[in-house]
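Biologist: Could you take me through the largest pocket in this model, and then through the parts of the chain around it? I would like one connected account rather than a list.

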Amino acid sequence: MLTPDALMAFFATALLLGIAPGPDNIFVLTQSALFGARAGMVTTMGLVTGLCVHTTAVALGVAAIFQASALAFTLLKTAGAGYLLWLAWLSFRAGASTAKIGRSDADGGSAGAAFPGYMALYRRGIVMNVTNPKVSIFFLAFLPQFCDPARGSVALQVLSLGGLFMLATIVVFWTVAALGGRLAVWFNRSQRGQIIMQRVAGCVFVALAAALLLSSR
């Protein structure tokens, strides 16, 4: 078992990594700005579910495959980029919602933009995270640095650190979602605002897809 000091140091580092601008927190901000704070929080839980997959992959050694195999890395990142481009297409073709403009629920959600449903947002978070092989490679390089073989099973330590990283992710990304929810209330006051936000979201998805395609191991 790792020492409390080591765990605290890891958690602080994870918080800083979550705050640093990246594709995941930008994705959460975009979904929140479109559909409200709760949508961003649900998307975050999808991303965290994806982190469970990456953490398990590191613990079992599977993540090393993406570091060693250029083909596996390319196939997975191409699938991820394709999914982001599909989301971009949905955003570009979306118009203003016919729902009442500007009405928001108690949790900061908005009734303005056409809402795909919470399960769809949860799945988006999972796919967005799982199809990014750089996350597995990052975990493969990052998590073992905080492990101590003298303190028991390294695999269990990796799983523990992964869980702590997920907690830090939730803390940071839910804050991002709350901020994005305020944008949703503002943009959904008018049909023009809704359309502008959809187009911005589409551009963000295209940029994220391009960054993923251009990424290297």
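Modeller: The lining of the largest pocket divides into 18 nonpolar, eight polar and two charged residues, and I should say at once that the model is a predicted one. In total, 28 residues line this pocket, and those lying nearest its centre are Gly22, Pro23, Asp24, Asn132 and Val135. The space in the largest pocket comes to about 600 Å³. Several helices take part in the lining, since at least two residues each are supplied by helix H1 (4–19), H2, H3, H5, H6, helix H7 (133–142), H8 and H9; of these, H7 gives the most, with four residues.

Asn132, one of the residues nearest the pocket centre, has its place in the loop between H6 and H7. Its relative accessibility is 11%, and because buried means under 20%, Asn132 counts as buried. Not counting residues up to four places away in sequence, Asn132 touches His54 and Leu212.

Asp24, also among the residues nearest the centre, belongs to H2, where it is buried together with Asn25, Phe27, Val28, Thr30, Gln31, Ser32, Ala33, Leu34 and Phe35. H2 is thus mostly covered, with ten of its 13 residues buried. The length of this helix can be checked by a simple calculation: at 1.5 Å a residue, the 13 residues of H2 should span 18 Å, and the end C-alpha atoms are 18 Å apart, so the two values agree. After H2 comes Gly36, which has a positive phi, near 105°.

H2 also leads to the largest nonpolar core, because helix H2 (23–35), helix H3 (37–60), helix H5 (70–93), helix H6 (118–130), helix H8 (154–187) and helix H9 (191–214) each supply at least two of its residues. This core has 25 residues, and those with the most contacts inside it are Val28, Leu84, Leu87, Met128 and Phe205. H9 gives the most to this core, with six residues. Phe205, leaving aside its neighbours within four places in sequence, is in contact with Phe27, Thr30, Gln31, Leu84, Leu87, Ala88 and Ser91; of these partners, Phe27, Thr30 and Gln31 are among the buried residues of H2. Apart from the largest core lies another, of 22 residues, which includes Ala57, Phe139, Val158 and Leu161.

Terms used. Residues numbered from 1 in each chain as written. Predicted model: local features only at pLDDT ≥ 70, side-chain atom pairs only at ≥ 80, totals over all residues. Heavy atoms only, no water. Core = buried A, V, L, I, M, F, W, Y, C linked by side-chain atoms within 4.5 Å. Buried < 20%, exposed > 50% of the residue type's maximum accessible area, 1.4 Å probe, protein only. Contact = heavy atoms within 4.5 Å. Expected span 1.5 Å × (residues − 1). 1 Å grid on protein atoms, 1.4 Å probe; cavity = no way out; pocket = protein on both sides within 12 Å on 5 of 7 lines; lining within 4 Å. Points joined across faces, edges and corners; volume = space filled by probe spheres on them. Nonpolar A, V, L, I, M, F, W, Y, C, P; charged D, E, K, R; others polar.
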